[in-house]
Amino acid sequence: MLAYIARKILHLIPMLLVISFLIYLGIDLMPGDAVDFMISPDELATVSPQQLATMRANLGLDKPFMLRYLIWLESLVKGDFGYSIQSGVPVSELFEKTLPATLELSFAALLLSTVLGSILGVVSALRRGSITDNVLSVAGMLGIAIPQFLFGLICIIIFVFKLGWLPAGGRMTPGHEAFFQRLDHLILPACVLGLSMTAGVMRYARASMLDSMNRDFVKTARSKGLPEWRVNLLHGFRVACTPVAVLIGFRLPMLIGGAVVVEQIFQWPGIGVMFLSAVRTQNTPVVMMVGFFSVLLVLVASIIVDIVTAMLDPRVKLQ
Amino acid sequence: MKKDKLGRKMDRLLERELAGELGHSNRNRALRKFGANKLAFAGGLVFAVILLLCIFAPLFTQFSSTNVDLRNRLSPPGSVHIMGTDQIGRDIWSRMLYGGRISILIGLGSALGATLIGVSLGTWAGYRGGFLDATIMKLSELLMSFPQIILVLILVSIAGQSLWNIIFIFVLTGWPSMYRMTRSQMLSIREEDFVQALRAFGVSDVLIAFKHILPNAIGPIFVNITLSTATFILQESALSFLGLGVPSNVSTWGNILSPAQNLTILRENWWIWLPVGLALSIFVLAINFIGDGLRDAADPSQMG
Amino acid sequence: MDRQGKTTQMEQGAYMNETGLGDTIISVKDLHVYFYTNQRCNRVINGVSFDIKRGKTLCIVGESGCGKSVTANAIMRLLSELSRIEKGSITYRSLEGDIRIDQLERNGPQMRKLRGKEMAIIFQDPMTALNPVYSIGFQINEMLQAHDKGLRKRAATARSIGLLKDMGIPLPEQRVHEYPHQFSGGMRQRGMIAMAMANAPRVLIADEPTTALDVSIQAQIFELIEQLKTERHTAIMLITHDMGVVAELADEVAVMYMGNIVEFGTIKDVLESPAHPYTKALLKSIPILGRGKNQKLDPIRGNTPDSLMRPAGCQFCPRCDYAKPECEKSLPGETALGGVHRVMCYNYADVANHE
């Protein structure tokens, strides 16, 4: 298993290199470079072209592209992700401040949608054709069709303004920092973020469960005299799990992407909100770094999915 | 034994079977398929209605979507402005109709563009295999390893915001999944006997791939086009909502509700965001129904 | 079973003494099973009767679609929810009295007590019939623990190992932890038989157990099933489409066509004096080892009709060489021919004389 993980990580590296190259290309192509950003427009008038050239040389900005790329790559590996144009704060520091919030939100949404989606999907399958099934089917279709941000707005209207149950945004109220005290801030964004994932998981779990229950080994399980709950759960559902796990893996990028919008609506202080403001202000280093790390996240997630799939299905060979 | 609902249904079926009423198989089957696709039919209807409203917008509203009228800012729905006005006095109903044109254009246009590129590449590279296929595959993997919205936003920050930029970016980020799907179809159909026969007859690769194999994969492709349209419409609306999609002088369903990011507007001026949101959702729902209907119709493994 | 998983003397005695050899354990009378799918009523089984007897093998033979698998599944009540036992009875003669299986709740507690403990079934393709994500040991343990609440995992595994050994699987201590896909086809089927026999059921139903296996493995599996019959006096119901298998293993034969048993008898009756045109045709269409490549094979003309569009009268009439006008009018009733031999044909005398 460890060898498998190591091999998978090794496979990642060429992809990451290509992406880092493209990222650096993007950074480089954007008008302006570090020197321009370090000098405010007013000061620009007082600086001579020779001084600018000297500054560039000092920073190594006159070296050929490939060399600059490699230097950048080296500092990347060492943990230096460049600086935000807007604030001058190192990007790594920005990440440190915002990553935990985004991870918390994404993980909550993932957990919610996996568990809820699976349960509802299985129940739909077992009660196929019943009223429950039909209602859930419709709910599932709605969940896929409603834009996440609209659902967010509607939820805010209902739960924040009309019912007053939950706070309007932000990650916590000052003074209530413990996790359980923050839950009321987490619920709404997590539900909204998890909406379309839940709907997708539910539909897929239903289909997978129906397929699984039709297979011969379910008949064999019944023929052994096992109680229905065991047949449904340990045989039907257990085998239906694997395709659902694969689906969830495929949808993870959408979850990460969705966080961008949801964070904005709920003013959740995560990477998404930081990314959006960086895009608006053309803060290239931040934009590119977020892009790079989102890819990294997706690739790591796909490895995790592979491992989970192998664990769930012994027929999958860990080559 | 106690007869439950299922048992009684069976009894009725038995009666009719013994009386020879059943068994007009073809007619029954087609009728049944149509009935089961009531949803698809309804979806088609809703889709057509909304589409027509948007295309023939000038017939349904006297205002233009860009007419600023600061005296009537934020007025609720009334007799003059059916859906009220937004924060700079533009009539929301007209913005919805004209905006619908743009949103649908973006959705459909991007879907068709991505399909054109993805399917062509998938058909050719999937059939030929080799270096070309491997390269394009790697490229598609690269593009697909970005969460789509992040990639789109990166491209927007590089290329700037405009209607055609958005379509272009959507096509660029959307072709990989069509490519993958077509390619996998190609790979399985390629092994079929009739393809070997065509090759033995000396038919050229281009003809085999595009004229013979591709039509067999058409079903899932059409389903994907419809579902992609829905996805792109949703994506555009999310982008424009955030103010990073189509700039707000050209109205789209997304940027009409963009002001609702402000909590006050959200709470006080529901007419700015709720009607558009509903229209958007209903339209996407209709497309999903159509897509599902197409998928069911194209699926030979479904027992009629 | 003792701790090594071997059948104890006492249990062997129990096998021998409980009921007499040849006594009926399952009695099926006038069974009708209809399927209600696709808005149609498909009359799959139309009045089938037979007995499964202790220590004897009943073979049900017929083409695909004749209803033989459905019969097997009906006895175990494993048919889909969209089917119903319309008429007739399935009676299980337990040691405590008769149980009407057809009247039990489909997956209810009584039926579940019978399944796996008194009667067991093995299916055609062990690759799909076994759950791919659990080890063989887990699945056999499940069978054991389902009917013995107090049995702990270690004891169950020990018994599973014993069962695998009994069924001829080498290195059972290792294989008990392996997954179905790690076994070869024949070993998988042996594993399934081990599972089915785990609780020493009095009846074993085998639904085409070797169709998915190589011919060489077929012989081994049948040998194994024979052993179960002779050593443990299990009542065996064997479903097959292969007359060769029937000739080897059957004590009694039921020839099925389109949902009816068109001929029933001892193996001697059916092989030596077939009374139904279909039986005769089946016998004529198998190649016989030793007769050489030029032997005349007579395939049965025509095709099996769709069960939803049945011919009027005798179902075999359109394909029958002995057909007379009366055959088209109504389905023939059963005629007793002596002993257990019976046939559903108007022209059985012609058939018997024709040879």
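This passage walks through the fold of chain C, its core, and the contact between chains B and A in a predicted model.

Chain C comes first. It holds 14 helices and 12 strands. Its C-alpha atoms fill a box of roughly 65 × 50 × 45 Å along the principal axes. How does that fit with a globule? A compact globule of 355 residues would have a radius of gyration near 20 Å, and chain C comes out at 21 Å, so the two agree. Inside chain C, 48% of the 355 residues count as buried. A lot of the contacts also link parts that are well separated in sequence: among contacts with a separation of 6 or more, 65% are between residues 24 or more positions apart.

Next up is the sheet. Eight strands of chain C line up as an open sheet with mixed pairing, and the order reads β6-β7-β8-β3-β9-β10-β12-β11. At the two edges sit β6 (119–122) and β11 (335–338) of chain C, each of which pairs on one side only. On average, and ignoring direction, neighbouring strands here are turned by 20° against each other. At the β11(C) edge, the partner is strand β12 (residues 341–343) of chain C; the two run antiparallel and are joined by three bridges. Within this pair, A336(C) stands opposite R342(C) of β12(C). Over at the other edge, helix α8 (residues 185–196) of chain C lies across β6 and β7 (203–207) of chain C, and its direction makes an angle of about 170° with β6(C).

Then there is the core. In soluble globular proteins, nonpolar side chains tend to be buried together. Here, the largest nonpolar core has 248 residues, and I205(C) and V255(C) have the most contacts inside it. Helix α11 (residues 228–266) of chain A gives this core its largest share, 16 residues. What does I205(C) touch, leaving aside residues up to four places away in sequence? The list is A72(C), I75(C), M76(C), M119(C), I121(C) and M237(C).

Finally, chains B and A meet through 29 residues of chain B and 34 residues of chain A. On the chain B side, at least two residues each come from α7 (148–159), α11 (218–241), α13 (263–268) and α14 (270–298). Of these, α7(B) brings the largest share, with eight residues. What kinds of residues make up the side of chain B that touches chain A? They split into 21 nonpolar, seven polar and one charged.

How values were computed:
Residues are numbered from 1 along each chain as its sequence is written. Chains are lettered from A and ligands numbered from 1 in the order in which they are written. This is a predicted model: local features need pLDDT of at least 70, side-chain atom pairs count only at pLDDT 80 or more; totals for chains, interfaces and linings use all residues. Two residues are in contact if their C-beta atoms, placed from the backbone, lie within 7 Å. Helices (H or I, at least four residues) and strands (E, at least two) are DSSP runs, numbered from the N terminus. Ala, Val, Leu, Ile, Met, Phe, Trp, Tyr, Cys and Pro count as nonpolar, Asp, Glu, Lys and Arg as charged, and the others, Gly among them, as polar. The radius of gyration is taken over C-alpha atoms; the globule rule is 2.2 Å times the number of residues to the power 0.38. A residue is buried if 20 or more other C-beta atoms lie within 10 Å of its own, exposed if 12 or fewer, and partly exposed in between; C-beta atoms are placed from the backbone. A nonpolar core is a set of buried Ala, Val, Leu, Ile, Met, Phe, Trp, Tyr and Cys residues joined through C-beta atoms within 7 Å. Two strands pair if DSSP finds at least two bridges between them. Axes are lines fitted to C-alpha atoms, for helices over the stretch in contact, and angles run from 0 to 180 degrees between N-to-C directions.
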